[in-house]
Amino acid sequence: MKPPELSPADIDRIIEMAWEDRTPFEAIEAQFGLPEAEVIKLMRREMKASSWRMWRARVQGRATKHRVKSAVDDARFKSTLQKNITFNKISKRR
């Protein structure tokens, strides 16, 4: 299977998503059509050797980079102290 043609902006976005801890490889594949092995090849090709080794060490074995292994249902953090949003037009503080 031939990998899709990627623009420089797409490559930058893939690298950015791969660096993020909470973005699984499945999200990159869904958005750009690149499986995990192709993302690793792209990272190796586009990054300096030392940066690639640092990224690879971080990603290897990290459960959050694989949706199946991840225990995170929603990657967004919400504090338990955060108040519910009301539909008031003016915020009221006390």
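Here are legends for a handful of close-up views of this predicted model.

**View 1. The whole chain is built from helices.**
Start with the overall picture: the secondary structure comes to 4 helices and 0 strands. Reading from the N terminus, the elements go α-α-α-α. The chain has 94 residues, and buried ones make up 27% of them. Its accessible surface comes to about 7800 Å², with 52% of that belonging to carbon and sulfur atoms. How much of the contact count comes from residues 24 or more positions apart? Taking the contacts with a separation of 6 or more, such pairs account for 60%.

**View 2. Helix α3 has a buried side and an exposed side.**
This view follows helix α3, which covers residues 36-46. Which of its residues are buried? They are V39, I40, L42 and M43. These four cover an arc of only 160 degrees around the axis, so they sit on the same side of α3. Turn to the other side of α3 and you meet K41, R44 and R45, which are exposed. As for what covers the buried residues of α3, the list includes α1 (8-19), α2 (25-32) and α4 (49-59).

**View 3. Four helices feed the largest nonpolar core.**
Here we look at the largest nonpolar core, which has 17 residues. Inside this core, the residues with the most contacts are I14, I28, V39, M43 and W55. Which elements give two or more residues to the core? They are α1, α2, α3 and α4. The largest share comes from α1, with 5 residues. Two of the names here may ring a bell: V39 and M43 are also among the buried residues of α3.

**View 4. I14 reaches out to six residues.**
Now zoom in on I14, one of the core residues with the most contacts. Leaving aside neighbours within four places in sequence, what does I14 touch? The contacts of I14 are L6, I28, F32, L34, V39 and L42. Of these, I28 and V39 are also on the list of core residues with the most contacts. V39 and L42 belong to the buried set of α3.

**View 5. R13, E16 and E20 share a salt-bridge network.**
Now for some charged side chains. A search of the whole structure turns up 5 salt bridges, and this view shows R13, E16 and E20 linked in a network. In the pair of E16 and R13, the closest N and O atoms are 3.2 Å apart. E16 and R13 are 3 residues apart in helix α1, so about one helical turn separates them. An α-helix has 3.6 residues a turn, so residues three or four places apart point the same way. R13 also meets E20 in a salt bridge, this one at 4.0 Å from N to O. Are these side chains tucked away or out in the open? E16 counts as partly exposed at 44% relative accessibility, R13 is partly exposed at 31%, and E20 is partly exposed with a relative accessible area of 31%.

**View 6. K41 and E38 pair up on helix α3.**
Back on α3, the side chains of K41 and E38 meet in a salt bridge of 3.6 Å, N to O. How far apart are K41 and E38 in the helix? They are 3 residues apart in α3, which means a separation of about one helical turn. E38 counts as partly exposed at 24% relative accessibility, whereas K41 is one of the exposed residues of α3.

**View 7. T23 is a buried residue in a loop.**
This close-up is set in the loop between α1 and α2, where T23 is found. Is T23 buried or exposed? T23 is buried, because its relative accessible area is 11%, and buried means under 20%. The side chain of T23 is joined to that of E20 by a polar contact of 2.5 Å, and E20 is also part of the salt-bridge network with R13 and E16. Not counting residues up to four places away in sequence, T23 touches M17, I28, T64 and K65.

**View 8. R62 sits in the segment after α4.**
The last view moves to R62, which lies in the segment after α4. R62 is partly exposed, with a relative accessible area of 28%. Along the chain, R62 and R22 are 40 residues apart, and their C-alpha atoms are separated by 9.7 Å.

Key: Residues numbered from 1 in each chain as written. Predicted model: local features only at pLDDT ≥ 70, side-chain atom pairs only at ≥ 80, totals over all residues. Heavy atoms only, no water. Buried < 20%, exposed > 50% of the residue type's maximum accessible area, 1.4 Å probe, protein only. Arc of directions from axis to C-beta. Contact = heavy atoms within 4.5 Å. Areas by Shrake-Rupley, 256 points an atom, 1.4 Å probe, with all protein chains shown as cover. Polar contact = N/O pair within 3.5 Å; in protein donor to acceptor, adjacent residues only side chain to side chain. Core = buried A, V, L, I, M, F, W, Y, C linked by side-chain atoms within 4.5 Å.
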